Amino acid sequence: MTEILAPAVFFTHGAGPLPALDEPENAPIGAFLRSFEPQFDGVKGIVIFSAHWSNEEVNISSGASPELYFDYHGFPPAAFEFRYPAPGNPSLAAEVKDLLAAAGIPSTLNSTRGWDHGVFIPLLLSRPKADIPVVQVSIKNNKVAADHIAIGAAIQSLRKKGIAIVGSGASFHNMEAAVGAMRAGKSMERSSIEFEKAVRNACCSPKVERNEKLARWDEFPDARFAYPDDGSEDHFMPLCVASGAGGERPGKVIFEGMMLGGACCSAFRF
Ligand SMILES: *[C@@H]1O[C@H](CO)[C@@H](O)[C@H](O)[C@H]1NC(C)=O
Ligand SMILES: *[C@@H]1O[C@H](CO)[C@@H](O)[C@H](O)[C@H]1NC(C)=O
């Protein structure tokens with residue numbers, strides 16, 4: 001019998017709450033996330049890594065019903081009215097911690113931390129029924145790609161138990177360039193296309209090659225345009241986790257589009 005694995009995916013989650021507010025510059029990402037819903041059918045739990053929670057050591061939200069943590073500012077009131085009443089899953093959180101420990105990766109459970117927008121924005125679009133328990137996991141603030149690939153690899157066995165592993169970040173995060181262009185009503189002077197091509201080429205390679213390439217993402221063309229050296233590569237780390245949790249076969253591009261003032265961005269399934 002062929003083994004059915006729950007998905008390992010990377011979502012570009014768009015700019016703040018905008019995909020869920022149907023803001024035109026983020027509409028393609030919103031439409032993609034909505035179209036993803038059937039791929040969660042049959043999934044028993046979602047372990048999701050958000051670029052918006054980063055710590056020295058991995059932290060895991062282990063509450064039974066975490067609140068939403070509205071970690072953005074300056075958006076219309078509707079952006080603060082979202083609800084995502086999915087349950088947490090303390091035992092799944094503990095299992096994630098044990099699997100990480102077995103791989104020599106220390107982590108801490110946090111039963112009070114709410115789900116940030118890197119979790120609730122993509123999930124309220126891609127699983128509006130909110131019927132699947134969710135565990136949020138942080139990334140590491142060292143932002144080392146190889147560490148995050150190892151984190152994904154450490155928990156990949158959960159997929160055989162029906163647990164989806166989701167990385168939530170962005171394959172482009174030069175917000176100054178993108179927002180500046182959007183406000184000026186013109187496209188960016190430089191596009192992120194060369195970087196995005198290299199990311200897609202890496203992700204669409206078989207596992208070993210894929211992870212080797214992603215570990216050296218900062219050598220990709222325009223890497224420091226896509227992620228200026230100010231910590232913005234935190235948004236690349238969830239992609240590394242998803243790839244690390246992925247299968248042997250090449251990953252697949254499941255979304256390619258634009259956000260804000262013409263930044264290329266992608267989503268992948270591994
Ligand atoms: C994350 O875990 C560390 C221990 O590794 C702890 O000191 C820190 O307070 C945690 N951070 C959050 C935001 O929960
Ligand atoms: C849990 O997370 C919250 C919010 O980030 C933080 O304030 C708190 O210190 C954390 N608790 C522990 C035990 O790390």
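**Figure 1. Ala223 in a predicted model.** Ala223 is buried, with a relative accessible area of 2%. The structure shown is a predicted model, not an experimental one. Ala223 lies in helix H8. Leaving aside neighbours within four places in sequence, the residues in contact with Ala223 are Phe195, Trp217 and Asp218. Cys265 is 42 residues away from Ala223 along the chain, and the C-alpha atoms of the two are separated by 13 Å.

**Figure 2. Asp222, a residue with positive phi.** Asp222 is found in the loop between helix H7 (207-215) and helix H8 (223-226). Is Asp222 buried or partly exposed? With a relative accessible area of 27%, Asp222 is partly exposed, because the buried class ends at 20% and the exposed class begins over 50%. Asp222 has a phi of about 65 degrees, which is positive although the residue is not a glycine. Most residues other than glycine have a negative phi.

**Figure 3. Lys143, in a loop after strand S5.** Lys143 lies in the loop that runs between strand S5 (134-140) and helix H4 (145-155). Lys143 is not a glycine, yet its phi is positive, near 55 degrees.

**Figure 4. Asn211 and its contacts.** Asn211 is found in helix H7. What is the relative accessible area of Asn211? The value is 12%, so Asn211 counts as buried. Once neighbours within four places in sequence are left aside, Asn211 is in contact with Ile149, Ser243 and Gly244.

**Figure 5. The buried face of helix H1.** Helix H1 covers residues 27-35, and its buried residues are Ile29, Gly30, Phe32 and Leu33. Seen down the axis of H1, these residues fall within an arc of 160 degrees, so they line one face of the helix. A general rule helps in reading this view: an α-helix has 3.6 residues a turn, so residues three or four places apart point the same way. Which elements do the buried residues of H1 pack against? They pack against two strands near the chain end, S7 (252-259) and S8 (263-269), and also against strand S1 (8-12) and helix H3 (117-126).

**Figure 6. Strands S3 and S4 with helix H2.** Strand S3 (residues 58-61) pairs with strand S4 (residues 107-110) in the parallel sense, over 4 bridges. Which residue of S4 is the bridge partner of Ser61? The partner is Asn110. Helix H2 (residues 90-102) joins S3 and S4 in a β-α-β unit, and this unit is right-handed.

**Figure 7. The whole chain, for orientation.** The secondary structure of the chain comes to 9 helices and 8 strands. The radius of gyration is 17 Å, close to the 18 Å that the globule rule gives for 270 residues, so the chain is as compact as a globular protein of that length. Along its principal axes the C-alpha trace spans about 50 × 45 × 40 Å. Of the 270 residues, 57% count as buried. The chain exposes about 11100 Å², and 53% of this area is supplied by carbon and sulfur atoms. Among contacts between residues at least 6 apart in sequence, 81% join residues at least 24 apart.

Note on methods: Residues numbered from 1 in each chain as written. Chains lettered and ligands numbered in written order. Predicted model: local features only at pLDDT ≥ 70, side-chain atom pairs only at ≥ 80, totals over all residues. Heavy atoms only, no water. Pairing = 2+ DSSP bridges. Right-handed = clockwise from strand over helix to strand, strands pointing away. Rg over C-alpha atoms; globule rule 2.2 N^0.38 Å. Buried < 20%, exposed > 50% of the residue type's maximum accessible area, 1.4 Å probe, protein only. Contact = heavy atoms within 4.5 Å. Areas by Shrake-Rupley, 256 points an atom, 1.4 Å probe, with all protein chains shown as cover. Arc of directions from axis to C-beta.
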